[in-house]
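Grab your viewer and a coffee. Below are some exercises to work through by eye, each with a worked solution.

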Amino acid sequence: MINKDYFKYLIKQNKKYLILIYVIGIIIPFWIFNEHTPTLCTTGVLSLVYGLGLSCIVPIYLFSFLQKKKSNILYFSLPIKKESLYLTTSLFSYFATILPVVIYQLFAQGIVAYKMDISFGAFILTIIMTIVHMFAMNTLITTITLLTQNSVDNFICSFAYIFLPLLIFIALNNCASNIVYSMMLGEGNYTQNLNAILYYLSMPYNGFAQMKHIEMHVSHISSIYWFVVSLALSFVNYRLFIKRTVEQSESHTKSFFMYPLVIILGTFAMLLAMYTTDFKSNVLTFTIIFMIYLIMYYFSKRKVYFNWKIPTIFILLVVSCIGFSSVYANTKGFHSIYEIPTTSSIRSASFNFTFETDYETKTALKYKGLDVTDINYSTGPNKKSSKDHAKFVNFINEIINQKLITKYNDFYNNAVNQNYYMINVYYTVHSTNDVENFVSRVYIIKEKNIEKVLDLVAKYNLYKFKS
């Protein structure tokens, strides 16, 4: 149960900080709207930035007594049950963070509504998204606070868990880029689907991505995922607090989910990000990463020593990195990297041609009386366009199968005084949150192959040529 007297004490004890939080929340909309035209997206992002910042700082501050033995003894000797102490402190943490940000958001969005039309649905969704992501961040930081034994470890592990997903994404993106460079034919945003992983790894990324599309009334399923995770962590936090002892304070953190897991994931991500097929390059970079690994390991233990477990773990991580890279490449990023979207996923598609030459006097050829660069095609986003999408995909597949496209990277590595054409292909495809994703491809067509490509354009009736 919530202890009302202790809750009132927390308000009185932290009155200055609460006033500061509310004042800053009121100043921000006046400051930003004085400089920029207000939008619902702007207010959503600003409120989330402010809210997530508070949700990081406040739980660490309120539960900081757990990191000191004297404070621990004092708080646990209060005539309050442990259950009430945890629930009251947690509730005050939400009261000190979520409530002022929501008030600021209502105030800021009121200004937006006064200056422009916004839907009530988007208005409410913005507030819900802010509450969900602040609750998730607050709960996550509380978990880290309860699993660490001193303030330094608390700060470092909190920082690590916020930014580790970005490092993992960079590592995966490096693998994906290697696949694109070695296997894909064109140039474009082949790795865009990889962004989806950040929705489930990085709660701040998920929140800001939601706010970007808030005016479309779109709510990604990952928001529900983070809410469920937060509820689960709330239960875990309750159990951790109840089992917390004075002896855990002011000692080095031993929980596997703190330094050991952070070091393993961080080291693996660094290995993956720097891994190449060049053995000599790997020796140098892996040696540097090993030194970083040792620094992290020894810092977590607060002492320098040697046993066979230390290099063994690193060797296993290196082997895992090489194995993962191989599997990732052979499966083309677990089927997330593709040359052409599936017909069923396409909402619209288009192409056009451009001509490149090293000679000022050289011009693009004519096909059936038309300049090649004037030939273009686009399909609509309606259901009747499904047959057009199928024709479009078959056309692209056929010019690939007939080897009329020259691999983009190979061409530029060997291009000397060449005349060539480029076909610029664009798609919009369905995504998991019903927001259209934009896919682009640029393919190289050598001058000798362009007429065959245009014959296929005519074959599939993708352009109305004069008879």
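## Exercise 1: the middle of the sheet

Let's begin with one pair: Phe 353 stands opposite Ile 423 in strand 6. Keep in mind that this is a predicted model.

**Task.** Work out which strand Phe 353 sits in, how that strand is joined to strand 6, and what else Phe 353 touches.

**Solution.**
- Step 1: strand 2 covers residues 346-356 and strand 6 covers residues 420-429; the two run antiparallel and are joined by 10 bridges.
- Step 2: look for another rung of that ladder. Ser 350 has Tyr 426 of strand 6 as its bridge partner.
- Step 3: leave out residues up to four places away in sequence, and list the contacts of Phe 353. Among them are Val 372, Ile 375, Met 422, Ile 423, Ile 445, Leu 454 and Val 457.
- Step 4: zoom out to the largest nonpolar core, which has 88 residues. Phe 353 is one of the members that touch the most others, along with Phe 351, Phe 395, Ile 396, Tyr 427 and Val 457.
- Step 5: don't stop at one core. Apart from it lies another, of 16 residues, including Phe 7, Phe 65, Leu 66 and Ala 96.

As background, nonpolar side chains in soluble globular proteins tend to be buried together.

## Exercise 2: the whole sheet

**Task.** Write down the strand order of the open sheet, and find which strands stand at the edges.

**Solution.**
- Step 1: the sheet has 5 strands in the order 1-7-6-2-5, and the pairing is antiparallel.
- Step 2: read off the two ends. Strand 1 (187-188) and strand 5 (376-378) each have a single partner strand, so one side of each is left without a neighbour in the sheet.
- Step 3: walk in from strand 1. It is joined to strand 7 by 2 bridges and runs antiparallel to it, with Gly 188 bridged to Arg 441.
- Step 4: carry on from strand 7 to strand 6. Here 10 bridges join an antiparallel pair. Tyr 420 stands opposite Lys 446, and Asn 424 faces Val 442 in strand 7.
- Step 5: check burial. In strand 6, 9 of the 10 residues are buried, so the strand is largely enclosed by the rest of the structure. Strand 7 has 7 of its 10 residues buried, so it too is largely enclosed.

## Exercise 3: helices on the sheet

**Task.** Find which strands helix 15 and helix 17 touch, and at what angle each runs to strand 2.

**Solution.**
- Step 1: helix 15 packs on the sheet and touches strand 2, strand 5 and strand 6. Its direction makes about 40° with that of strand 2.
- Step 2: helix 17 lies across strand 2, strand 6 and strand 7 (437-446), and runs at about 150° to strand 2.
- Step 3: now look for a charged link between these helices. Glu 398 and Lys 459 meet in a salt bridge, at 3.2 Å from N to O. Glu 398 lies in helix 15 (residues 386-401) and Lys 459 in helix 17 (residues 450-459), so the pair ties together parts that are 61 residues apart in sequence.
- Step 4: compare the two ends. Glu 398 counts as buried at 17% relative accessibility, whereas Lys 459 counts as exposed at 52%.

## Exercise 4: the other salt bridges

**Task.** How many salt bridges does a search of the whole structure find? For the remaining pairs, decide whether each partner is buried, partly exposed or exposed.

**Solution.**
- Step 1: the search finds 3.
- Step 2: Arg 302 pairs with Asp 153, with the closest N and O atoms 2.5 Å apart. Arg 302 lies in the loop between helix 12 (279-301) and helix 13 (309-330), and Asp 153 in helix 7 (residues 151-183), so the pair ties together parts that are 149 residues apart in sequence.
- Step 3: Arg 302 is partly exposed at 39%, while Asp 153 is buried at 0% relative accessibility.
- Step 4: Lys 366 and Asp 371 form a salt bridge at 2.7 Å, N to O. Lys 366 is exposed at 57% relative accessibility, and Asp 371 is partly exposed with a relative accessible area of 28%.

## Exercise 5: the chain in numbers

**Task.** Put the sheet and helices in the context of the whole chain: what are the counts, the box and the share of buried residues?

**Solution.**
- Step 1: the chain has 17 helices and 7 strands.
- Step 2: its C-alpha atoms fill a box of roughly 95 × 65 × 40 Å along the principal axes.
- Step 3: of its 467 residues, 46% count as buried.
- Step 4: the chain exposes about 24500 Å², and carbon and sulfur atoms supply 64% of that.

Technical notes: Residues numbered from 1 in each chain as written. Predicted model: local features only at pLDDT ≥ 70, side-chain atom pairs only at ≥ 80, totals over all residues. Heavy atoms only, no water. Core = buried A, V, L, I, M, F, W, Y, C linked by side-chain atoms within 4.5 Å. Buried < 20%, exposed > 50% of the residue type's maximum accessible area, 1.4 Å probe, protein only. Contact = heavy atoms within 4.5 Å. Salt bridge = Lys/Arg side-chain N within 4 Å of Asp/Glu carboxyl O. Helix = DSSP H or I, 4+ residues; strand = E, 2+ residues; numbered from the N terminus. Pairing = 2+ DSSP bridges. Axes fitted to C-alpha atoms, helices over the stretch in contact; angles between N-to-C directions. Areas by Shrake-Rupley, 256 points an atom, 1.4 Å probe, with all protein chains shown as cover.
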